Amino acid sequence: MEYLRLYFFTYNCALSFINVEHFSSHFFDAYPLTDNLSSPPELIVLSLQEIAPMPYAFLGGSFLAPYFASYTQAVNRATVERFNTHYVNVLADHSGMTGLLIFARPDIVDQLSSPGIARVGFGFQEIGNKAAVASRLSYQSPSTPEAGLDLILVAAHLAPMEGAVARRNEDWRSMVERLVFSDSESSIRRNGGNEDESETEALLSSSSNAAAKYPGIFAPSNYLFIGGDLNYRTADRIPAKDEYMKYPQANVEPDDPLHFSHLLKNDQLKREMQESRCFHRLSEAPITFPPTYKYNHDAQVAALDPAHADKPAEWKWSSHRWPSWCDRVLFLETPPGLGDEAKIQVLKYDALPVSPTSDHRPVALTVSIPVLERREVSGSQTISPFPIDPNWVRRRQVAQRKEYLAGWVTYLGLTWEGNGLLLASAVGIVGAWFVFRSILSS
């Protein structure tokens, strides 16, 4: 059976440019090293939160391009160093301050559809300081034209703070209701023209019909992956003054109260999922790594200090936040419209080292997805836990106008480039006034 390997990487960028060398050197730390997995994954997905300061993220385009470029550079370095392979960047998109990058191994690019895009903001006034962006992508087997799979890949950043559990659950609902793909069909590019045209057209028609029938992130035959700073914490309140003494420590035995497994029992996300209050139908691989947030400035400095390389591991926490597993990757283990043979296999789920530019540790999931023969699926319309919001288009358009306005206001007021533009404009206006006055008086 053919399988597609997916490496899903999530990282809160903390509004900063990454250290490309450090980032690339650790990028594949969560990719298995076993002999039968020595070849590179077919797809690499990056979910990026707080990818850039608000002015650049909200204005997008050339303002945001340098930030995307730094991640592309890091991924290129990592893939060449690890696999001697240059990947193709097939998608770079964002919703406000949340970005999504998809890279494909060059030999499968022609088997991928053009990515569909959906965006939603659920920050202040539904703008994208907290947001989600999704891509719908199909893969068609080059060896078996009747076989393929459909993916929904979501990058998300939910509401912060310990006590905001209900808001995070509402953000999940907003994702389901308003992440809608407006493209009703996507054409799979053919590989070398060797496929039977009638068979391909039938497959495309079936795929298009399914996309039109299920325009949201849930569909009977789609694999769904959601990764990001989901922001669920390990307490419903901020820590008291001396509670940092209870924070997890490195190199302790599992029965020690300071082992991270004891704090994990208080994880809000697991609790809310078990109570069916969020992320319905989704699963998560077992967590065997320490909290990914919040590391203090000393931890970030130590990440680049060679003197710390041979020292025992030490977790340097910020005292005013509970250490928590904010950064997660969730997935639909088996699409409900497919059989048990469609179940994905988790190969590795792990956190990467502390970053020198963020108070979050990146997290990555490696999975193997079976590529099965496509068939008509008679799934129920009720597969989604919530119906699509009929006003999603209007709400998103209004929010985008607010984002654009907020982007320019903050750009002019909070960046040195914007301040310079205001100053130059003011000087120009004053100069024009003096010229105009001299003309009138002459």
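The expected span of a helix is 1.5 Å times one less than its number of residues. The structure discussed here is a predicted model.

Q: What span does helix α3 reach from its first C-alpha to its last?
A: Helix α3 covers residues 65–83 and has 19 residues. At 1.5 Å a residue, a span of 27 Å is expected. The value computed from the model is close to that expectation, at 26 Å.

Q: Which elements do the buried residues of α3 pack against?
A: A residue counts as buried under 20% relative accessible area. In α3 the buried residues include Tyr67, Phe68, Tyr71, Val75 and Phe83. They pack against β1, α1 (20–26), β2, α2 (54–59), β3 and β4.

Q: At about what angle does α3 run to β4?
A: Helix α3 lies across four strands, namely β1, β2 (43–49), β3 and β4 (98–104). Its direction relative to β4 is given by an angle of about 35 degrees.

Q: Which residue just after α3 takes a positive phi?
A: The phi in question is about 55 degrees. It belongs to the residue just after the helix, Asn84.

Q: Which are the edge strands of the open sheet?
A: Six strands form this sheet with mixed pairing, in the order β3-β4-β2-β1-β11-β10. An edge strand pairs on one side only. The strands that do so are β3 (88–95) and β10 (345–351).

Q: What is the bridge partner of Leu6 in β11?
A: Strand β1 (residues 3–12) pairs with strand β11 (residues 363–370) in the antiparallel sense. This pairing runs over eight bridges. Within β11, the partner of Leu6 is Val367.

Q: Which strand gives the most residues to the largest nonpolar core?
A: The largest nonpolar core has 51 residues, of which Leu6, Leu43, Phe225 and Ile369 touch the most other members. One strand, with five residues, gives the most to this core. That strand is β7 (residues 147–157). Apart from this core lies another, of 37 residues, with Tyr11, Phe23, Ile44 and Met97 among them.

Q: Which residues does Ile369 touch, not counting residues up to four places away in sequence?
A: Contact here means heavy atoms within 4.5 Å. With residues up to four places away in sequence left out, the partners of Ile369 are Glu2, Tyr3, Leu4, Leu6, Leu149, Leu151, Tyr223, Phe225 and Ile344.

Q: Why is α4 described as largely enclosed by the rest of the structure?
A: Helix α4 (residues 165–178) has 14 residues. Among its buried residues are Val165, Trp172, Met175 and Arg178. The buried residues of α4 pack against β5 (116–121), β6 (131–140), β7, β8 (222–229), α7 (268–274) and α9. The helix is largely enclosed because the number of its 14 residues that are buried is 10.

Q: Is Arg396 buried or exposed?
A: Arg396 lies in helix α9 (residues 392–414). Not counting residues up to four places away in sequence, Arg396 touches Ser95, Arg119, Val120, Gly121, Glu126 and Glu403. Its relative accessible area is 10%. Because the cut-off is under 20%, Arg396 is buried.

Q: How many disulfides does the structure hold?
A: Cys278 is buried, with a relative accessible area of 1%. Cys326 also counts as buried, at 0% relative accessibility. A disulfide requires a pair of cysteine sulfur atoms within 2.5 Å. The number of disulfides in the structure is zero.

Technical notes:
Residues are numbered from 1 along each chain as its sequence is written. This is a predicted model: local features need pLDDT of at least 70, side-chain atom pairs count only at pLDDT 80 or more; totals for chains, interfaces and linings use all residues. Side-chain values use heavy atoms; hydrogens and water are left out. Two strands pair if DSSP finds at least two bridges between them. Helices (H or I, at least four residues) and strands (E, at least two) are DSSP runs, numbered from the N terminus. Axes are lines fitted to C-alpha atoms, for helices over the stretch in contact, and angles run from 0 to 180 degrees between N-to-C directions. Buried means under 20% relative accessible area, exposed over 50%, partly exposed in between (1.4 Å probe, protein chains only). A nonpolar core is a set of buried Ala, Val, Leu, Ile, Met, Phe, Trp, Tyr and Cys residues joined through side-chain atoms within 4.5 Å.
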